[in-house]
Amino acid sequence: MTERPTTLVRDSLDQVAAGDWDALAGDQPFVRHAFLRALEVSGCATARTGWRARHLTLWQDDTLVGAVPLYEKSHSRGEYVFDWAWAEAYSRHGERYYPKLVSSIPFSPIPGARLMARDDDSRRALIDALMAYSRQSQVSSLHMLFPCETDTRALAAAGLQIRHAVQFHWC
């Protein structure tokens, strides 16, 4: 009998072996370990800049079977999603909008996998773990920015709200 996967939240990619992370990231360069770690060690994506790493990892025994690049945000800058109206609405009602949890590639609107998983069961377990972590973290909300279609379908199937927006790209 296989035990339930274990969830660990990491405040630095230095705490996850590059090969393990990259095995889940595949060929997407902007979710690969080296890129995200470079944002951390350069000081770009740190708590000081409003991007506190809270990378969610899912382990089956000693094997990484799922991971989410995740940040606790103290503002909305650098997300390419404009939610300042939400922050203002929270404030008008005496609530706090920050901190919030955001799964994204910092400072870019690059779409791709956010629920990096070995298989569909691991992807569903990642969603459950994300929901549990966001509830225990006392954040206002959980956002996944520019997810790939596979992740969007999995999130919708889990009952999460999907925000549809329009972006224009010129080549």
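What percentage of the 171 residues of the protein chain count as buried? In this predicted model, the figure is 43%. The legends below treat the overall fold and then the strand pairings.

**Figure 1. Overall fold of the protein chain, with 5 helices and 8 strands.** Read from the N terminus, the elements follow the order β-α-α-β-β-β-β-α-β-β-α-β-α. The radius of gyration is 16 Å, close to the 16 Å that the globule rule gives for 171 residues, so the protein chain is as compact as a globular protein of that length. Along the principal axes, the C-alpha atoms occupy a box of roughly 50 × 35 × 35 Å. Among contacts in the protein chain with a separation of 6 or more, 68% link residues 24 or more positions apart.

**Figure 2. Surface and charged side chains of the protein chain.** About 9800 Å² of the protein chain is exposed, and carbon and sulfur atoms contribute 52% of this area. The charged side chains comprise 19 positive and 20 negative ones. The centres of these two sets are 6 Å apart.

**Figure 3. The open sheet of 4 strands, in the order E1-E3-E4-E7.** Pairing within this sheet is antiparallel. Strand E1 (6-10) and strand E7 (116-117) form the edges, each pairing on one side only. Strands of a sheet pair through backbone hydrogen bonds, either parallel or antiparallel.

**Figure 4. Close-up of the pairing between E1 and strand E3 (residues 55-60).** The two strands run antiparallel and are joined by 5 bridges. One bridge matches Thr 6 with Trp 59, its partner in E3.

**Figure 5. Close-up of strand E6 (residues 100-103) and its side chains.** Lys 100 and Val 102 point one way from the strand, whereas Leu 101 and Ser 103 point the other way. All of these residues are buried, that is, each has under 20% relative accessible area.

**Figure 6. Close-up of the pairing between strand E5 (residues 71-73) and E6.** E5 and E6 run antiparallel, with 3 bridges between them. Tyr 71 stands opposite Val 102 of E6, and Val 102 is buried.

**Figure 7. Close-up of the pairing between E6 and strand E8 (residues 142-144).** These strands run parallel and are connected by 3 bridges. Ser 103 lies opposite Met 144 in E8. Strand E6 thus has an antiparallel pairing with E5 and a parallel pairing with E8.

Terms used: Residues numbered from 1 in each chain as written. Predicted model: local features only at pLDDT ≥ 70, side-chain atom pairs only at ≥ 80, totals over all residues. Heavy atoms only, no water. Rg over C-alpha atoms; globule rule 2.2 N^0.38 Å. Buried < 20%, exposed > 50% of the residue type's maximum accessible area, 1.4 Å probe, protein only. Contact = heavy atoms within 4.5 Å. Areas by Shrake-Rupley, 256 points an atom, 1.4 Å probe, with all protein chains shown as cover. Lys, Arg positive; Asp, Glu negative; His and termini not counted. Charge placed at Lys NZ, Arg CZ, Asp CG, Glu CD. Pairing = 2+ DSSP bridges.
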